[in-house]
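Good morning, and thank you for making the time. I should like to take you through one model, beginning with the nucleic acid and ending with the backbone.

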Number of protein chains: 2
Amino acid sequence: MSRPTNWCHSDQNPAYRGRMSSSPQSSVPEIHVAVDLIVLTLRGGELSVLLIQRDDEPHKGSWALPGGFIEYGEDLDGAAYRVLSDEASLGSGAVHLEQVRTFGAPGRDPRGHVVSVAFMALGADLPDPLRGEDVADARWWSIADLDGISLAFDHATVLEASIERARSKLEYTTLAVTFLPEEFTISQLRGVYESVWGRSLDAGNFHRKATRSEGFLVELDRHAAPTGGRPARLYRAGSGTSLVPPLLRAGD
Amino acid sequence: MSRPTNWCHSDQNPAYRGRMSSSPQSSVPEIHVAVDLIVLTLRGGELSVLLIQRDDEPHKGSWALPGGFIEYGEDLDGAAYRVLSDEASLGSGAVHLEQVRTFGAPGRDPRGHVVSVAFMALGADLPDPLRGEDVADARWWSIADLDGISLAFDHATVLEASIERARSKLEYTTLAVTFLPEEFTISQLRGVYESVWGRSLDAGNFHRKATRSEGFLVELDRHAAPTGGRPARLYRAGSGTSLVPPLLRAGD
DNA sequence: CCAAAAGTGTTCTCGCTACACCCATGT
DNA sequence: ACATGGGTGTAGCGAGAACACTTTTGG
């Protein structure tokens, strides 16, 4: 990373010299680094996000994304997993974690300059959150129900960017399986696409495209319990990560 | 931003309380925030990146990406533009700037924990860099010539991620025009795709697809000076940003 | 007239859509 | 039997690839 060449302040700010001592003598306030988590799952066929109601100023009473500061020496992913486990009681095996973008406008947090790395976490049927400290409430929100709600900080923007990222990645990656349990049917997989994209897909065509994408699915010998019709074959996720050809959402 | 809810350290570290005072009393060293720039342009039909040869430890003598620390209160984009102007003498009008990803592994800089936001900057026929302070050398490298070279820090990874991002975005956005001057011909545009993707494209088919993509190009009444054949019509960039249908690189 | 680059036309193929149709189960 | 969801077959359409062909310039 960094500091490739002329360190902009290397000759002005002692904090940037040598081994980066921990206490700069200057009175310049520090920039803080945080992670924000956009935890997405499907609840009853609805794409849903985990939000927390703030119990402190600023934005007291507003709904916000879970997040927290990064500790010195901690990996970005590690911090995201820690927040996930602290605030959503989710182990690292249960979710797919992926960096979305970093937000660092100086005015986004009224208390100071906070640079926040947004992480998207996708999981299958995640449990109801435990209420953490300093939290008035915590619960899953269906994306559709968030229309009139205004989120704290710039979290509406962050959430919007993450959802669009997820929608887009379903097209050309095998990301959809992260919304499902270990074993699943093609119908369940189609349900993921329909829920995330908000449109219905032709069952027959979807079946063909999904089963023919190299590396997407592994066929099992078992079938799911029937739900009023022919029992569906079970599959698990294949080893591939990219979907060729892609599964496009374009066609109206 | 953030700090949505239970601030992980809000009750332990005074720096995270109230208005975020600038001088924590604890002895925990600070995390520093930097930007790294992947400046890409076309030089003689070759996709090229601006690198700087380090004049200080660590990695003294190695080639690295230009970069610098973010100042308190400074926007991420603003910091990127500042580094661009300081180290590459490029004004903000000349380039397209876009965030790629943030790298924050604690061991990536031996001097301390530096979280670095990578920005990709694309421009048309950018000038040779001026040599900044603390820089042994600075020059354009053709991507192809970098094969055996090992870059400082984790910059090889950062560069690789950026190039793949650029290649991919040419498919479904109008990003290619940022590599060209204000007015250009379809052949020049095709040359961008060929250089970045490293493969040749059918001139006729490309012409049709480019001119028929809504919002991609604006046709001008003038023509370029002929180069041994029929003079090519001039175009300038249209107002659209996404390319529908996309221009895929898949075929062979 | 010839070479070379800019554009246009044409054919073939392949993937997707729509929808008909058969399969396997519960009631 | 019939309803319901799982899965396959198939005709038609539309976009891309390959390449022939026309246009417009310079030598």
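**Contacts with the DNA, the core and the backbone**

Let me begin with one contact: a side-chain N or O atom of B:Ser187 is 2.5 Å from a phosphate oxygen of DNA strand C. I count this as a polar contact, that is, a pair of N or O atoms within 3.5 Å; within protein, one must be able to donate a hydrogen and the other to accept it, and residues adjacent in sequence count only if both atoms are side-chain atoms.

Two remarks on conventions. This is a predicted model, in which local features need pLDDT of at least 70 and side-chain atom pairs count only at pLDDT 80 or more, while totals for chains, interfaces and linings use all residues. Residues are numbered from 1 along each chain as its sequence is written, chains are lettered from A and ligands numbered from 1 in the order in which they are written, and side-chain values use heavy atoms, with hydrogens and water left out.

Returning to DNA strand C, a backbone N or O atom of B:Arg233 is 2.3 Å from a phosphate oxygen. A base is also contacted: a side-chain N or O atom of A:Asn205 lies 2.8 Å from a base nitrogen of this strand. The elements that give two or more residues to the surface near DNA strand C are α4 (203–212) of chain A, and α3 (186–197) and α4 (203–212) of chain B. Helices (H or I, at least four residues) and strands (E, at least two) are DSSP runs, numbered from the N terminus.

In total, 22 residues surround DNA strand C, and A:Asn205, B:Ser187, B:His207, B:Arg208 and B:Arg233 come nearest. Near here means that a heavy atom of the residue lies within 4 Å of the strand. Of the atoms of DNA strand C within 4 Å of the protein, 58% belong to sugar or phosphate and the rest to bases. By residue type, this surface has six nonpolar, eight polar and eight charged members. For that count, Ala, Val, Leu, Ile, Met, Phe, Trp, Tyr, Cys and Pro are nonpolar, Asp, Glu, Lys and Arg are charged, and the others, Gly among them, are polar.

Which residues come closest to DNA strand D? Of the 20 around it, they are A:Ser187, A:Gly228, A:Gly229, A:Arg230 and B:Asn205. Sugar and phosphate make up 54% of the atoms of DNA strand D that come within 4 Å of the protein. A polar side-chain atom of A:Ser187 is 2.4 Å from a phosphate oxygen of DNA strand D. Two contacts reach bases: a backbone N or O atom of A:Gly228 lies 2.7 Å from a base oxygen, and a side-chain N or O atom of B:Arg208 lies 3.4 Å from a base nitrogen. The largest share of the surface near DNA strand D, three residues, comes from α4(A).

I turn now to the protein interior. Chain A has four helices and 10 strands, and buried residues make up 52% of its 252 residues. Buried means under 20% relative accessible area, exposed over 50%, and partly exposed in between (1.4 Å probe, protein chains only). Strand β5 (residues 95–103) of chain A is mostly covered, with seven of its nine residues buried. Eight bridges join β5(A) to the antiparallel strand β6 (residues 114–123) of chain A, and A:Glu98 stands opposite A:Met120 in β6(A).

The largest nonpolar core has 44 residues; those touching the most other members are A:Leu37, A:Val39, A:Leu84, A:Phe119, B:Leu37, B:Val39 and B:Phe119. Such a core is a set of buried Ala, Val, Leu, Ile, Met, Phe, Trp, Tyr and Cys residues joined through side-chain atoms within 4.5 Å.

Finally, the backbone. Most residues other than glycine have a negative phi, and most peptide bonds are trans. The bond from B:Glu57 to B:Pro58 is cis, with omega near -5°, and B:Pro58 is in the loop between β2 (46–54) and β3 (63–64) of chain B. In that loop, too, lies B:His59, whose phi is near 60°. Is B:His59 buried or exposed? At 31% relative accessibility, B:His59 counts as partly exposed. A:Phe153 also has a positive phi, near 50°, but A:Phe153 counts as buried because its relative accessibility is 12%.

Terms used:
Pairing = 2+ DSSP bridges.
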